[in-house]
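Please open the model in your viewer and keep the sequence panel at hand, since each stop below begins with a selection.

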Amino acid sequence: MVETTNQIVRFGEIQDMVKAYYPDADLDLIRGAYVYSARVHQGQTRMSGEPYLSHPVAVAGILAQMKLDEASVATGLLHDTVEDTLATTDELERFFGSEIANLVDGVTKISKIPFQSKEERQAENFRKMILAMSRDIRVLLVKLADRLHNMRTLQHMPRESQIRISRETMEIYAPLAARLGIYWLRTDLEELAFRHLEPERFAYIEKRLEDSLQERQVYVNTVLSIVRERMEKENIKAIIKGRNKDIHSIHKKMLNQHLEFDQVHDLTAFRIILDSVSDCYTVLGLIHSLWKPVPGRFKDYLAMPKSNGYQSLHTTVIGPEGHRIEIQIRTHEMDLIAEEGIAAHWSYKEGKSVDDEDAKVVNWLRQMMEWQQELEDPREFLENVRVDLYPDEVYVFTPKGDLKEFPKGSTPLDFAYSIHSEVGHSCVGARVNGKMVSLKHELVTGDTVEIVTSVHQRPSKDWLKHVKTGRARTKIRHYIMALEKEKAIAMGRESVERELKKWRLDIARVEKDGELLRIAQEFNFRTETELYASIGYGRQSAKVLVTRLIPLHEREKVKIENFEEKQIKEAPPPSKSGVRVQGLSDVMVHFAKCCNPLPGDMIRGFITRGRGVTIHEADCPNLTESDDKRIVDASWDEKQAHDRMVKLVIHSVNRPGMLATISSVFTSNDSDIIQANVSVINDREARGFFVIKVRNVDHLTRIMHSLKRVKGVENVERLGMA
């Protein structure tokens, strides 16, 4: 038997429901799934004492109520077979085909997700992960139907389980139903969860609503009568409804606005359903002529639909007896989409394109609406619906069940460095879902990752090819640079020691006497170690250093012809280029076009033959793959501020005024446009290349953030200047 919102339906009626909205449905498939489910669940019972089969049959009934295809209904009957019986995915594929086997497998994987964290950010990550895993939207619809029936029968579970499952429903599944636009399902899930999370509060509001029911019904009839009379007078065909708000939404309003129950006057909402969009705006004017609108309480979701396709006019007016009335005005098609969301796709006929800031969700929903216009077969439609809202992110678990988010293509190294630098440095591999994998293995959504370390492991430059996160890349580079510096210090000290021996001087005694520190400071270094490193890198001469240490009458006998000594006798003057190369002043400097570094970026220099030093970003691939012996430390001279030119590419919608809007962003952020080249890709898309002046990397970041907030701008990237 199937428990729906208001009636009990037998299994045979499920087939009748499917046949009514989809005459060509394969009912043999549904019957076969029912027989198989009954066989494998035989002998199992629920906490209520009912046969376990009552649950999958109830889930199938909810899916039929949502008017889904026969594959979805069959999956509802089979969704627990792999998880709770000896059935296997291979067996399901043999009996029912790969389509249903994959759907059941998807529902099973979601059911195994350990929802342990209660932080809001983690809840959003869980929702994203479920969407990423539900590549076929039917997987998510079956899971939502499964959760709805479990919530309807939650009273049979222990109190601890009621709280855990209800919190999970409120944080994860109700928002997913809202994302898909299935508002009745979202409302039912929230109502049921609230009943178990705060039973006393729920009972209080429920009792108050019952006590005021008769009074509210009289008021509703009064409002409906006034509106109907006006519609008839204007010859407008309309369906007018008054509905009581659900208990959870009343609770939220009382909580958010610090109200007592008696202070909540809009316990009833009204809906006017019309034939056309023009009628919607006409009726809005009529409502505002009947009653005074409340300022700031009007929303036009016809012109600007919500990200899940929802469209309606919302207004609040001061109605009879001075009570506030919330009124929604929409067409029949919009009403069906508002109530059923994606489940009502084949009834949506207008197919109008939507423009909203949440581009990924909107494009996905627009695609669905466009597909269904030519399809009357729900099976054909749903087979082509794939959720791919988060293609560039993967969500994986720690062994303790905590959820972590990474860019697509991330490896165990990214995971290891997200835990701690030392874990990353010593990572030799990982166990993913219990199996050993290499450092190059790409993680996928749903993986459980356990890092394997060794005290003998150390990072190498090759690791930079196998990481995606900035944290991992930075930690690896810092380690390699530190290791190279240690080698340079050792080499520099050896060079100084050899030169000192020529003058019969001992390096340990010279260090102890403080002579080396004095000379290091003359060379603009803070410590002897920094001086050794510079010598080890080949930027300073050990011979020049030692000539400073020997007695004056001996030093005059030595002919010193070293360019480096002349450069570092006095503190270097301000750099004309805005960049200072350690130990050298006013060196010929060029900026690399490949990475085009800006003040604020970490930089290093590369000594070229005949062209001075080329400045790169410290992590520029062209630099890291170059000859280490010709790489020098460099830093920005903060006293010499220079504007730098940066090239940006901006992808946006193609509409009038977009170029002017983008230009105004540069102006408002105190940046000049040096060059602009804008081209139209197609009717919808445009691409612009801009060369602008910026002061530093923070200035550029602020400009890029401002551009990304412009409605219609889809992507902003920084390019090299080559």
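Begin with K647, whose bridge partner in strand β22 is L719; helices (H or I, at least four residues) and strands (E, at least two) are DSSP runs numbered from the N terminus. This is a predicted model, in which local features need pLDDT of at least 70 and side-chain atom pairs count only at pLDDT 80 or more, while totals for chains, interfaces and linings use all residues. Residues are numbered from 1 along each chain as its sequence is written, and side-chain values use heavy atoms, with hydrogens and water left out.

Extend the selection to residues 644–653, strand β19, which is joined to β22 by six bridges and runs antiparallel to it. Two strands count as paired if DSSP finds at least two bridges between them. Showing the whole open sheet gives four strands in the order β20-β21-β19-β22, with antiparallel pairing. At the edges stand β20 (673–680) and β22 (713–719), each with a single partner strand, so one side of each has no neighbour in the sheet. Neighbouring strands are turned against each other by 15° on average, direction ignored.

Next, add helix α29 (residues 658–668), which packs on the sheet and touches β19, β20, β21 (685–694) and β22, its direction making about 145° with that of β19. Here contact means heavy atoms within 4.5 Å, and angles run from 0 to 180 degrees between N-to-C directions, with axes fitted as lines to C-alpha atoms, for helices over the stretch in contact. Helix α30 (residues 697–708) also packs on the sheet, touching β19, β21 and β22, and makes about 160° with the direction of β22.

Which residues does M658 contact, leaving aside its neighbours within four places in sequence? Select M658 in helix α29, and the contacts to display are S652, V653, V710, K711, G712 and V713. M658 and V713 are 55 residues apart in sequence, yet their C-alpha atoms are 8.7 Å apart in space.

Now move to helix α3 (residues 54–65) and helix α4 (residues 70–78), whose axes come within 7 Å and cross at roughly 160°. That makes α3 roughly antiparallel to α4, a label given to angles over 145 degrees. At this crossing, P56, V57, V59, A60, L63 and A64 of α3 meet S72, V73, G76 and L77 of α4.

Finally, select L189, which touches L144, R147, L148, M151, T169, Y173, A174 and A177, not counting residues up to four places away in sequence.

Technical notes: Parallel < 35°, antiparallel > 145°, perpendicular 65-115°, else oblique.
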